[in-house]
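The exercises below are meant to be worked through with the sequence and the model in view. Try each task before reading its solution.

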Amino acid sequence: MVGVPNVTRADAAAAVRNPLAFIAARWTPHPRTVQRAAFVALAMAVVIVVTGGAVRLTGSGLGCPTWPKCTDDSLTSTSEMGLHGVIEFGNRMLTYVLCAAVGWAIIAARSQKPYRRSLTLLGWTQFWVVMGNAVLGGVVVLVGLNPYTVAAHFLLSTALIAVATVMWQRTREGDAAPRPLVGKAVQQLMWVLTAVSILLIAVGTVVTGAGPHAGDSSDVPRMPVDWEMVSKAHAVLAWIVVTLTFALWFVLKAVDAPKGPSARTRDLFLVLLAQGAVGYVQYFTDLPEILVGLHMLGSCLVWIAVLRVLLALRERPEEAVTELPAQEYAPTSVSMAGPK
């Protein structure tokens with residue numbers, strides 16, 4: 001059995017000064033561990049969006065009427081607040097689970113050998129987006145579910161999903177300069193598709209902000225726009241995204257592009273069809289809550305699928321690493337041995 005090295009006072013001081021470096025000096029995760037950590041962070045970003053939608057759809061948006069406490073006198077929900085308080089407080093608690101998932105991704109990325117600064121920065125970017133969105137969520141409650149702040153809250157969650165998706169992809173590729181797998185015209189088509197997808201998501205927040213699901217049983221103000229008109233504009237944008245996706249798929253087949261981009265585009269097309277079916281059914285059935293929740297989940301999956309296509313149009317091979325002679329890595333302390 002291998003003995004556990006003693007932790008000296010210097011080690012403890014180093015752990016306090018820079019805990020990430022302290023862990024990285026003692027642990028090297030397997031690449032699959034880093035990939036799984038990044039995927040869990042992405043999955044939790046989607047979960048927090050869906051549970052946030054559940055808060056709205058159950059009318060629990062003001063289940064905890066203040067922030068950061070649930071009430072003026074209690075940090076948690078009380079029995080008098082009923083189910084709405086439990087749902088709203090439960091969603092707040094999931095933010096800590098999301099922070100833990102992002103923290104695990106940061107630790108895994110920081111401990112990977114060789115050290116990849118870009119990967120660690122993506123993890124920290126997720127952390128600060130989560131912190132910013134937590135504060136914005138508090139503002140949403142304090143202003144009584146103002147629809148514009150609710151829309152901004154969702155869009156910031158969409159930005160979190162984007163960063164998490166990029167990090168997940170980067171864990172499965174190298175740090176060499178990106179090399180395009182398709183021609184410039186195909187890349188431009190993909191950027192147009194990405195831009196229209198962003199517009200589609202943004203207009204979707206207006207549909208929600210003007211629609212009947214205000215997030216609370218009381219009379220919460222709605223966006224002063226024609227809901228029917230905005231819904232139709234949202235549908236038109238969705239069809240444009242579907243058309244652009246089909247065109248991209250056709251072009252990739254025509255130019256005999258690598259299998260990866262074609263497969264990712266096919267996946268996006270199938271997700272769009274499923275999302276469109278849910279959208280039309282909920283429109284013609286007066287927006288039942290369960291279908292609206294599925295549509296929010298579909299929005300996240302569409303966005304992830306779009307980003308996966310964008311990232312699949314290039315590759316980043318592993319950089320050549322020249323290993324130094326073993327004697328140049330001589331540590332000054334057995335307990336603190338690790339990469340500089």
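**Exercise 1. Is arginine 264 buried, partly exposed or exposed, and what is its relative accessible area?**

Before starting, note that this is a predicted model, in which local features need pLDDT of at least 70 and side-chain atom pairs count only at pLDDT 80 or more, whereas totals for chains, interfaces and linings use all residues. Residues are numbered from 1 along each chain as its sequence is written, and side-chain values use heavy atoms, with hydrogens and water left out.

Step 1. Take the cut-offs: buried means under 20% relative accessible area, exposed means over 50%, and partly exposed lies in between, with a 1.4 Å probe and protein chains only.

Step 2. Arginine 264 has a relative accessible area of 22%, so this residue is partly exposed.

Step 3. Its salt-bridge partner, aspartate 267, is also partly exposed, at 23%. The closest N and O atoms of the pair are 3.0 Å apart, and a salt bridge requires a side-chain nitrogen of Lys or Arg within 4 Å of a carboxyl oxygen of Asp or Glu.

Step 4. Aspartate 267 and arginine 264 are three residues apart in helix H9 (residues 259-284), so about one helical turn separates them.

**Exercise 2. Find the residues that salt bridges with shared partners join into one network, and describe the bridges of arginine 170 to glutamate 173 and aspartate 175.**

Step 1. The network consists of Arg116, Arg170, Glu173, Asp175 and Arg314, in a structure that holds eight salt bridges.

Step 2. Arginine 170 meets glutamate 173 with the closest N and O atoms 3.6 Å apart, and it meets aspartate 175 at 2.7 Å, N to O.

Step 3. Arginine 170 is buried at 7% relative accessible area and glutamate 173 is buried at 8%, while aspartate 175 is partly exposed at 24%.

**Exercise 3. Determine how many cavities of 30 Å³ or more a search of the whole structure finds, and name the lining of the largest cavity.**

Step 1. A cavity is a set of points, on a 1 Å grid over the protein atoms alone, where a 1.4 Å probe fits but cannot get out, and its lining residues have an atom within 4 Å of a point.

Step 2. The search finds one cavity of 30 Å³ or more, and the largest cavity has a volume of about 30 Å³, a volume being the space filled by probe spheres set on grid points that are joined across faces, edges and corners.

Step 3. The lining is made by Arg56, Leu57, Thr208, Val292 and Met296. Helix H3 (31-57) and helix H10 (289-312) are the elements that give two or more residues to this lining.

**Exercise 4. Place cysteine 300 in the fold, and compare its separation from threonine 158 in sequence and in space.**

Step 1. The protein chain has 10 helices and two strands, where helices (H or I, at least four residues) and strands (E, at least two) are DSSP runs numbered from the N terminus.

Step 2. Cysteine 300 lies in helix H10 and is buried, with 3% relative accessibility; buried residues make up 43% of the 340 residues in the chain.

Step 3. Although cysteine 300 and threonine 158 are 142 residues apart in sequence, their C-alpha atoms are 7.3 Å apart in space.

Definitions and conventions
On a 1 Å grid over the protein atoms alone, a cavity is a set of points where a 1.4 Å probe fits but cannot get out, and a pocket is an open set with protein on both sides within 12 Å along at least five of seven lines; lining residues have an atom within 4 Å of a point.
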